[in-house]
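Thanks for coming. I will take a few minutes to walk through one chain, from its overall layout to a few individual residues. Please keep the structure open while I talk.

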Amino acid sequence: MHCERIQIDGASVIVCGSGPRKRFCRYCGARSVALCDWPKMRRQPTPIDQVKPGSMIYRFTSSTQPDEVIYLKPQPAKGEVWMATRRGNQTFEHVITEPWKPVLVAVQGTCDAPCCRRCLRHVGPDRDYCRRHWNAWSAIS
Ligand SMILES: [Zn+2]
Ligand SMILES: [Zn+2]
């Protein structure tokens, strides 16, 4: 698919076009024809009222692994939200004092590496993998 992630007012937005993007291959620098569709987790800034128990969130922007949300308890009188998250068998309690700030939720995205024709492999309908990921894909399939 020919999609691209851009930033609009601090939010991440996916824009899909019909033609190839005028970009360059991540691997060899030739003109790219498509983006890699390899599934990959990404960080989606999400308003806290859309975060639910069971959501996977990144507690800190530097977190490499997401935590699972156990509960959210809004405290309207205080203007706070109390939240608990879990990673493995560890539980963390948080007091969110700025609940208007978006939370980074882990969502399924794609690799999106721009690739030229030579560095891309068509592996299925509407699915192309970049040079790095078709190796990973052929190793597991
Ligand atoms: Zn290339
Ligand atoms: Zn890829």
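Start with the secondary structure: this chain has twelve strands and one helix. Reading from the N terminus, the order is β-β-β-β-β-β-β-β-β-β-β-β-α, with the helix after the strands. Keep in mind that this is a predicted model.

Two overall numbers before the details. The chain has 141 residues, and 20% of them are buried. Take the contacts between residues at least 6 apart in sequence: 52% of those join residues at least 24 apart.

Now the sheet. Six strands make an open sheet in the order 4-9-5-6-7-8, and the pairing is antiparallel. As a reminder, strands of a sheet pair through backbone hydrogen bonds, either parallel or antiparallel. Which strands sit at the edges? They are strand 4, residues 39-46, and strand 8, residues 90-96, each of which pairs on one side only. From one strand to the next, the twist averages 45 degrees.

Let me go through the middle of that sheet. Strand 5, residues 56-58, runs antiparallel to strand 6, residues 67-75, and two bridges join them. In that pairing, Ile 57 is opposite Asp 67 of strand 6. On to the pairing of strand 6 with strand 7, residues 80-87: this one is also antiparallel, with seven bridges. Two of the facing pairs can be picked out by name. Leu 72 is opposite Met 83 in strand 7, and Lys 73 has Trp 82 in strand 7 as its bridge partner. Strands 6 and 7 form a hairpin with four residues between them, and the turn includes Gly 79, whose phi is positive at about 70 degrees.

Next, strand 4 and strand 9, which are neighbours in the sheet order. Pro 39 is in strand 4. Is Pro 39 buried or exposed? It is exposed, because only 10 other C-beta atoms lie within 10 Å, and the cut-off for exposed is 12 or fewer. Leaving out neighbours within four places in sequence, Pro 39 contacts Gln 108 and Thr 110. Pro 39 and Cys 111 are 72 residues apart along the chain, yet their C-alpha atoms are separated by 6.3 Å.

Val 107 is in strand 9, which covers residues 103-110. With neighbours within four places again left aside, Val 107 contacts Arg 42 and Gln 44. Met 56 is 51 residues from Val 107 in sequence, with 8.0 Å between the C-alpha atoms. Val 107 counts as partly exposed, because it has 14 C-beta neighbours inside 10 Å, and that class lies between the cut-offs of 12 for exposed and 20 for buried.

Now the nonpolar cores. The largest one has 13 residues, and Cys 36, Cys 115, Cys 119, Leu 120 and Cys 130 touch the most other members. Strand 3, residues 34-35, and strand 12, residues 127-130, each contribute at least two residues to this core. Apart from that core lies another, of seven residues, including Val 69, Val 81, Val 103 and Val 105.

Which residues does Leu 120 contact, leaving aside neighbours within four places in sequence? They are Val 33, Ala 34, Cys 115, Asp 128 and Cys 130.

Toward the end of the strand list there is a second hairpin to look at. Strand 11, residues 120-124, pairs with strand 12 in the antiparallel sense over four bridges. Gly 124 faces Arg 127 of strand 12. Two residues lie between these strands in the hairpin, and Asp 126 is in the turn.

That brings me to backbone angles. Most residues other than glycine have a negative phi. Asp 126 has a positive phi of about 60 degrees, and it is not a glycine. Asp 126 counts as exposed, because it has 7 C-beta neighbours inside 10 Å.

Another such aspartate is Asp 112, with a positive phi near 65 degrees. Where is Asp 112 found? It is in the loop between strand 9 and strand 10, the latter being residues 114-115. Asp 112 is partly exposed, because 19 other C-beta atoms lie within 10 Å, and the cut-off for buried is 20 or more.

That is the tour; I will take questions.

How values were computed
Residues are numbered from 1 along each chain as its sequence is written. Chains are lettered from A and ligands numbered from 1 in the order in which they are written. This is a predicted model: local features need pLDDT of at least 70, side-chain atom pairs count only at pLDDT 80 or more; totals for chains, interfaces and linings use all residues. Two residues are in contact if their C-beta atoms, placed from the backbone, lie within 7 Å. Two strands pair if DSSP finds at least two bridges between them. A nonpolar core is a set of buried Ala, Val, Leu, Ile, Met, Phe, Trp, Tyr and Cys residues joined through C-beta atoms within 7 Å. Axes are lines fitted to C-alpha atoms, for helices over the stretch in contact, and angles run from 0 to 180 degrees between N-to-C directions.
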